[in-house]
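Grab a pencil and have the 3D view open while you work through these exercises. Try each task yourself before you read the solution under it.

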Amino acid sequence: MPAVLQQRDVPESIRALAMARPDYVDLFTVTASDATDHSPEAWARAALEGASPTGRFIAWRAMCGLRLDPRPSPDNVAGWRIADRGDGWIRAEASSRFMTAHAVLLVEDGRVSLSLFVRYDRPMARLVWPAVSIIHQRAVPGLLRNAVRRINRSRAA
């Protein structure tokens with residue numbers, strides 16, 4: 001099983017890829033041999049689209065109220081709009097009436113990192129996000145491990 005580490009300090013190089021002055025930031029990194037053999041978008045799809053549809057609905061739509069595109073598209077990943085990308089990274093964005101979120105996925109030699117940035121746009125976010133963040137922090141290591149398994153299966157096929 002690949003190791004997943006949660007880092008408390010998010011490097012400035014990753015922070016520069018997302019919103020300024022977020023109210024919440026986290027970073028999880030999984031070891032993945034040959035990580036750079038796949039695009040950041042492929043990794044993002046393996047991680048985010050690999051999440052349980054029920055879990056995605058409850059956490060992202062019901063609890064956070066994120067407005068996600070329900071149709072699969074080259075312009076989104078699990079309903080999150082692909083907002084920007086660069087060499088080795090991709091950023092997906094989603095928002096609700098009370099918060100905005102950026103998910104940044106960075107692919108480097110031997111590892112893949114997923115960072116979430118949340119900005120509270122209305123006071124309600126301060127009530128909702130702390131509870132959701134507990135679920136989020138428990139779920140992301142599994143999402144990343146599953147992404148490694150999905151990528152390895154696609155490589156073997």
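**Exercise 1: A residue at the start of the chain**

Task: Look past the neighbours within four places in sequence and find which residues Pro2 is in contact with. Then decide whether Pro2 is buried or exposed.

Solution. Keep in mind that you're looking at a predicted model.

- Step 1: With those sequence neighbours left aside, the contacts of Pro2 are Val30, Thr31, Arg145 and Val148.
- Step 2: Now place Pro2 in the fold: it sits in the segment before strand 1 (4–7).
- Step 3: Check a partner from far along the chain. Arg149 comes 147 residues away from Pro2 in sequence, yet their C-alpha atoms are 9.1 Å apart.
- Step 4: Buried means under 20% relative accessible area. Pro2 has 18%, so Pro2 is buried.

**Exercise 2: The sheet and the helix on it**

Task: Work out in which order the seven strands line up in the sheet, and which strands are at its edges.

Solution.

- Step 1: Walk across the open sheet and you'll read 1-2-7-6-5-4-3, with antiparallel pairing.
- Step 2: Strand 1 and strand 3 (76–77) are the edge strands, since each pairs on one side only.
- Step 3: Zoom in on one pair. Strand 5 and strand 6 run antiparallel and are joined by seven bridges. Ala92 faces Ala103 of strand 6.
- Step 4: Now add helix 2, which packs on the sheet and touches strands 3, 4, 5, 6 and 7. The directions of helix 2 and strand 6 make an angle of about 120 degrees.

**Exercise 3: Into the core**

Task: Find which residues touch the most other members of the largest nonpolar core, and which element gives the most to this core.

Solution.

- Step 1: The largest nonpolar core has 43 residues, and Trp43, Trp80 and Trp129 touch the most other members.
- Step 2: Elements giving two or more residues include helix 2 (40–48), helix 3 (53–63) and strand 6 (99–108). Helix 4 gives the most, with nine residues.
- Step 3: Follow Trp43. Leaving out residues up to four places away in sequence, Trp43 touches nine-membered company you can click through: Ala32, Ala35, His38, Leu105, Val107, Val112, Ala147, Val148 and Ile151.
- Step 4: Don't miss the other core, which lies apart and has eleven residues, among them Val10, Ile14, Trp89 and Phe117.

**Exercise 4: Charged pairs**

Task: Find which residues are linked with Arg45 in a network of salt bridges, and how many residues of helix 2 are buried.

Solution.

- Step 1: Glu41, Arg45, Glu49 and Arg85 make up the network.
- Step 2: Glu41 and Arg45 form a salt bridge at 2.9 Å, N to O. They're four residues apart in helix 2, which means about one helical turn separates them.
- Step 3: Arg45 also has a salt bridge with Glu49, with 2.7 Å between the closest N and O atoms.
- Step 4: Compare exposure. Arg45 has 19% relative accessibility, so Arg45 counts as buried; Glu49 has 31%, so Glu49 counts as partly exposed.
- Step 5: Eight of the nine residues of helix 2 are buried, including Glu41, Trp43 and Arg45.
- Step 6: Look for another pair: Glu93 and Arg81 meet in a salt bridge at 2.8 Å, N to O. Glu93 is in strand 5 and Arg81 in strand 4, so this pair ties together parts twelve residues apart in sequence.

Note on methods. Residues are numbered from 1 along each chain as its sequence is written. This is a predicted model: local features need pLDDT of at least 70, side-chain atom pairs count only at pLDDT 80 or more; totals for chains, interfaces and linings use all residues. Side-chain values use heavy atoms; hydrogens and water are left out. Buried means under 20% relative accessible area, exposed over 50%, partly exposed in between (1.4 Å probe, protein chains only). Contact means heavy atoms within 4.5 Å. A nonpolar core is a set of buried Ala, Val, Leu, Ile, Met, Phe, Trp, Tyr and Cys residues joined through side-chain atoms within 4.5 Å. A salt bridge is a side-chain nitrogen of Lys or Arg within 4 Å of a carboxyl oxygen of Asp or Glu. Two strands pair if DSSP finds at least two bridges between them. Axes are lines fitted to C-alpha atoms, for helices over the stretch in contact, and angles run from 0 to 180 degrees between N-to-C directions.
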